[in-house]
Amino acid sequence: MCKSCASKPLPSDAPNFSEALDYDLSKTWRQTDAYKKNVEVVDKVCASSKDWKFVYEQTLEPHTGDAYLVKKGQVIRMEHLHDRAQVVDWHFITPDLKERSSMGNSVCWDGFYLKKYYQVMSNAGEMKPLVTMVRDDTTDEFGPEGYGNHIWIYHCSPEWQNMFYPDAGPEINSCHMNFVQGFHRVPAIAAIEDEQERKDFVNVLASDHNFQTFQIMDIYYKPEEKQSKIMLGVCGDVKKGDALEFYANEDVYVVVSSCPYGDFTSPVFGDKAKLPDPLKFTVWDTGIQPPEAPEWKDWSGAFYDMVESGHKDISPRTEESLRTVPTSGPNGTELWLNTEK
Ligand SMILES: [Zn+2]
């Protein structure tokens, strides 16, 4: 490591950032008009909850996944039906399948732990808030200091279950299996005619990162390993009716999984396994439209223009092509040669 890298960087050390920006990406995002306008709308939405109009209700049964349509300006509420926490894993996808929740964009802008005003951002290429958390009935007492009550990371999968419960059959439930079920229920996915293509696509979607709610977790640094690791914990106390709400900034399918681990007090398989609790999901029309999504520059158009003009090569990489080293011709860098350093 060079000497200059050894000292901790300071915000003022970022020479290519404008003065308004910061190493703290969240701080940068919160300075934008898009973020501030969304906070204003969320406050309006919360203040008008008595006037919301009921749209529909569904029950998420244990060991299942589902897909709930929530339109722009509507709120989806997840509510406990018992005095026991039930972990839910969440994905969001637009009905045209073009955008879906992105852990990368969400965590960079708003952090790992979801709280009120948290915006779930979509994938690169669009990066819009898909939904915003507008209600969270958990408190700081739900988990020990440092633990998040709702956190982005990942979900339990069939392979994990095989590892934890080698005696269980392949039908043992996992959030991954529930997500597969949920994604299949999105109409545009159900409409994919080729069965294998549809199944493969669903598996790709279900394999993406997601967040869990009502599951305490800590990302902690282990100095002896020089590594940050994940620590799971048993859920805190929950009363019947304790809820979470997300306001839809875009039309979305909310794909949910009832985590087979329930409240993390019992195993999923064997004599001590407990059936998780069902949950109530309701959707409400707030009558309040979200602010305009941030507008980004047309990077995709620019990229394909560069392909067209020969500055970006997207020809397939075959074994033969990889053995050929081009000695002339554009490679893209010439577009930047006049950029001031
Ligand atoms: Zn799970």
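Start by selecting residues 129-136, strand β6, together with residues 243-248, strand β10: in this predicted model, the two strands pair in the antiparallel sense over five bridges. Now pick out Arg135 and look across to β10, where the bridge partner of Arg135 is Glu245.

**The open sheet**

Next, widen the selection to the sheet that holds this pair. Which order do the strands follow? The order is β1-β12-β3-β10-β6-β5, six strands forming an open sheet with antiparallel pairing. Colour β1 (53-60) and β5 (119-121) to see the edge strands, each of which pairs on one side only. As you rotate the view, look at how neighbouring strands of this sheet are turned by 20° against each other on average, direction ignored.

Keep the sheet on screen and add residues 33-47, which are helix α3. Helix α3 packs on the sheet and touches β3 (74-80), β5, β6 and β10. Its direction makes about 45° with that of β6.

**A step back**

Show the whole chain for a moment. There are 10 helices and 12 strands, and 31% of the 341 residues count as buried. Among contacts between residues at least 6 apart in sequence, 73% join residues at least 24 apart.

**Into the nonpolar core**

In soluble globular proteins, nonpolar side chains tend to be buried together. Here, the largest nonpolar core has 58 residues. Which residues have the most contacts inside it? Select Val252 and Val254 to see them. Then centre on Val252 and show what is around it: leaving aside neighbours within four places in sequence, Val252 is in contact with Val70, Phe92, Ile93, Thr94, Leu130 and Val131.

**A covered helix and its partner**

Select residues 175-184, helix α6, and residues 195-206, helix α8. The two helices pack with their axes 9 Å apart, at an angle of about 125°. An angle of that size makes α6 oblique to α8. The crossing of the two helices is right-handed. To see where they meet, show His176, Phe179, Val180, Phe183 and His184 on the α6 side, and Val202, Asn203, Leu205 and Ala206 on the α8 side.

Is α6 mostly covered or mostly uncovered? Eight of its 10 residues are buried, so the helix is mostly covered. The buried residues are Cys175, His176, Met177, Asn178, Phe179, Val180, Gly182 and Phe183. To find what covers them, switch on the surroundings, which include β2 (65-70), β4 (88-93), α5, α7 (187-190), α8 and β11 (252-258).

**A covered strand**

Move to residues 148-152, strand β7, where five of five residues are buried. Add residues 211-222, strand β8, and you will find that β7 and β8 pair in the antiparallel sense over four bridges. For a single spot on this pairing, select His150, which stands opposite Thr213 in β8.

**Four stops in the loops**

The last part of the tour visits single residues in loops.

- Glu171: go to the loop between α5 (158-164) and α6. Glu171 has 8 other C-beta atoms within 10 Å, and a residue with 12 or fewer counts as exposed, so Glu171 is exposed. Draw a distance line to Pro158: the two are 13 residues apart in sequence and 8.6 Å apart in space, C-alpha to C-alpha.
- Leu97: look in the loop between β4 and α4 (103-110). Its phi is near 70°, a positive value in a residue other than glycine. Leu97 is partly exposed, with 16 other C-beta atoms within 10 Å.
- Lys226: this residue is in the loop between β8 and β9 (227-232). Lys226 also is not a glycine, although its phi is positive, at about 50°. With 7 other C-beta atoms within 10 Å, Lys226 is exposed.
- Pro278: finish in the loop between β11 and β12 (279-285). Pro278 is partly exposed, with 15 other C-beta atoms within 10 Å. Not counting residues up to four places away in sequence, Pro278 touches Thr59, Leu60, Glu61, Pro62 and Leu81. How many residues apart in sequence are Pro278 and His80? They are 198 residues apart in sequence, and 7.8 Å apart in space, C-alpha to C-alpha.

Note on methods:
Residues are numbered from 1 along each chain as its sequence is written. This is a predicted model: local features need pLDDT of at least 70, side-chain atom pairs count only at pLDDT 80 or more; totals for chains, interfaces and linings use all residues. A nonpolar core is a set of buried Ala, Val, Leu, Ile, Met, Phe, Trp, Tyr and Cys residues joined through C-beta atoms within 7 Å. A residue is buried if 20 or more other C-beta atoms lie within 10 Å of its own, exposed if 12 or fewer, and partly exposed in between; C-beta atoms are placed from the backbone. Two residues are in contact if their C-beta atoms, placed from the backbone, lie within 7 Å. Two strands pair if DSSP finds at least two bridges between them. Axes are lines fitted to C-alpha atoms, for helices over the stretch in contact, and angles run from 0 to 180 degrees between N-to-C directions. Angles under 35 degrees count as roughly parallel, over 145 as roughly antiparallel, 65 to 115 as roughly perpendicular and the rest as oblique. A crossing is left-handed if the near helix is turned anticlockwise from the far one by less than a right angle, and right-handed if clockwise.
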